[in-house]
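Let's take a walk through this protein together, with charged side chains as our guide and a small sheet as our last stop. Have the viewer open and follow along.

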Amino acid sequence: MKRKLLFGERMLLGDGTEPFNTVIPFRLKGRFVLKDIQHALEKIQEKHPWLKAVIQHDEKNVPWFEVSEKVKIPIRILAGKDENDWLEESKKEWYKLFNYKEQPLMRFVWIKGEEISDMMFVFHHCLCDGGSAMAVLDEFLKVLDDPNYDIGIEDPILGIHDVVPSEILNNRGQKFKAKMIGRLAATAIKVIPVNKKTTDRQSDYLLNWKFDKETSKELIDYCKFQKVTVNTFLCATILKAFQKTRKEEAFNKVSCPVDIRRFANQIKADHIFAFGLMIVVSLNKKLGFEENLKLMQEAVEKKTSKLNPYITMMVMESAHDALTNFTKLLKNGKSTNDCMFSNLGRIPIAHEYKEFTLEKIFSPSVIGPLGNTTTMVTSTFRGEMDFAFMGSEGYLPQTEALAIRDEVITIIKQKLESLAVYD
């Protein structure tokens with residue numbers, strides 16, 4: 001089984017010389033043996049063919065996923081020393097290249113303790129998104145708990161034809177529209193001026209914090225009171241924090257990934273898939289926070305309603321010849337947004353198992369070579385909202401990132417206190 005990488009996957013893969021890795025850490029309470037972990041990893045490979053895939057290039061140097069029955073998910077084991085080992089190991093995993101010609105685009109780390117173990121999946125970002133990763137984690141835990149648990153078999157996506165309905169993909173008008181947009185975009189990308197050199201990232205960092213159950217619930221209640229989503233509220237909070245900390249250096253723009261599964265039901269929750277959609281949100285600096293929330297929510301809904309995954313994919317697939325120029329633009333172009341913000345929402349994975357307890361799921365971290373690395377990810381597990389904030393000194397100094405983190409926390413607490421006044 002094999003398939004060509006889609007445009008977005010090729011962009012994330014690059015030429016293989018620069019890592020673009022996503023790390024998903026989690027904490028288990030219990031005792032584990034290596035053979036059970038190996039068995040669980042083998043079972044998820046049996047379900048998902050692309051977890052057994054290596055990458056081969058054809059005579060035109062086009063990369064293909066190619067399933068190999070020989071490859072196993074590599075496991076790295078180390079002794080746990082303190083509860084923050086996972087933070088340092090996450091950063092180490094950012095920089096380790098995948099030997100994708102001989103090994104799968106996924107590996108596993110076990111920070112071994114007597115009663116508590118921290119574990120992490122590491123994926124190349126071209127293989128899957130956060131949604132796919134959480135589905136794999138759920139399946140892994142079920143099999144780790146019960147070796148005979150049936151997690152089923154994935155019917156994998158073999159190309160754009162498995163995502164875009166045939167009546168759209170083969171429609172002459174839609175094909176012409178996608179090709180024209182693709183050509184215009186490719187031409188525009190060629191003429192956009194870019195720096196000759198990439199920005200020196202310097203050292204990278206990872207910050208992590210969380211809100212307890214009570215604060216997390218109050219945050220959700222506040223959003224309900226304001227009639228906005230948690231995502232919109234957090235976007236507004238992040239923008240205000242950047243604005244206060246960076247002042248005129250702030251761009252007043254946050255880019256937000258949107259789960260493609262909301263619009264393309266051909267992509268199932270457990271599909272291994274990496275393509276996403278994106279919207280950008282900003283604040284009106286002349287208005288107050290609550291007024292901005294209402295306007296931002298309207299803007300988010302309007303922008304989201306206009307997203308069309310099918311045409312977007314068709315446009316991108318018509319522009320493979322522009323990949324080099326597009327990648328160069330992302331790497332060398334000037335930053336135009338403050339950060340990327342991704343909210344995975346509530347993670348619907350069980351906490352209690354027969355043989356162990358899933359104590360924590362830390363928000364995933366990701367860092368790559370395509371321009372501004374500043375990214376914030378949040379997720380909620382067991383009622384607690386967890387944040388990962390990653391970046392690079394060359395784009396956002398860590399001292400400013402720490403100030404932004406503190407300001408985000410301060411704004412949220414102030415808003416929750418204001419809600420208590422209404423109560």
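How many salt bridges does the structure hold? This is a predicted model, and the structure holds 29 salt bridges. Side chains of opposite charge can pair when their charged atoms come close. A few of these pairs deserve a visit.

Start with arginine 31, which forms a salt bridge with glutamate 115; their closest N and O atoms are 3.0 Å apart. This pair links distant parts of the chain, with the two positions 84 residues apart in numbering. Arginine 31 lies in the loop between β2 (21-29) and α2 (34-47), while glutamate 115 belongs to the loop between β6 (106-112) and β7 (116-124). Are the two partners buried or exposed? Arginine 31 counts as exposed because its relative accessibility is 58%, above the cut-off of 50%. Glutamate 115 has a value of 38%, so it counts as partly exposed.

Next, turn to helix α3 (residues 85-94), where lysine 91 and glutamate 88 both lie. They are 3 residues apart, about one turn of the helix, and they form a salt bridge in which the closest N and O atoms are 3.3 Å apart. Glutamate 88 is partly exposed, with a relative accessibility of 45%.

Now look for lysine 96 and glutamate 93, whose side chains meet in a salt bridge of 3.5 Å, N to O. Here the partners sit in contrasting surroundings: lysine 96 is partly exposed at 31% relative accessibility, whereas glutamate 93 has a relative accessible area of 1% and is therefore buried, given that the cut-off for buried is under 20%. Both residues also take part in a network of salt bridges, which links Arg76, Glu89, Lys92, Glu93, Lys96 and Arg107. Try selecting these residues together in your viewer.

Let's finish with the sheet. Strands of a sheet pair through backbone hydrogen bonds, either parallel or antiparallel. In which order do the 3 strands of the open sheet come? The order is β1-β4-β3, with antiparallel pairing. At the edges are β1 (2-4) and β3 (53-57), each of which pairs on one side only. Neighbouring strands of this sheet are turned by 25° against each other on average, direction ignored.

Zoom in on β3 and strand β4 (residues 63-67): they run antiparallel and are joined by 5 bridges. As a landmark, find valine 54, which stands opposite glutamate 66 in β4.

How values were computed
Residues numbered from 1 in each chain as written. Predicted model: local features only at pLDDT ≥ 70, side-chain atom pairs only at ≥ 80, totals over all residues. Heavy atoms only, no water. Salt bridge = Lys/Arg side-chain N within 4 Å of Asp/Glu carboxyl O. Helix = DSSP H or I, 4+ residues; strand = E, 2+ residues; numbered from the N terminus. Buried < 20%, exposed > 50% of the residue type's maximum accessible area, 1.4 Å probe, protein only. Pairing = 2+ DSSP bridges. Axes fitted to C-alpha atoms, helices over the stretch in contact; angles between N-to-C directions.
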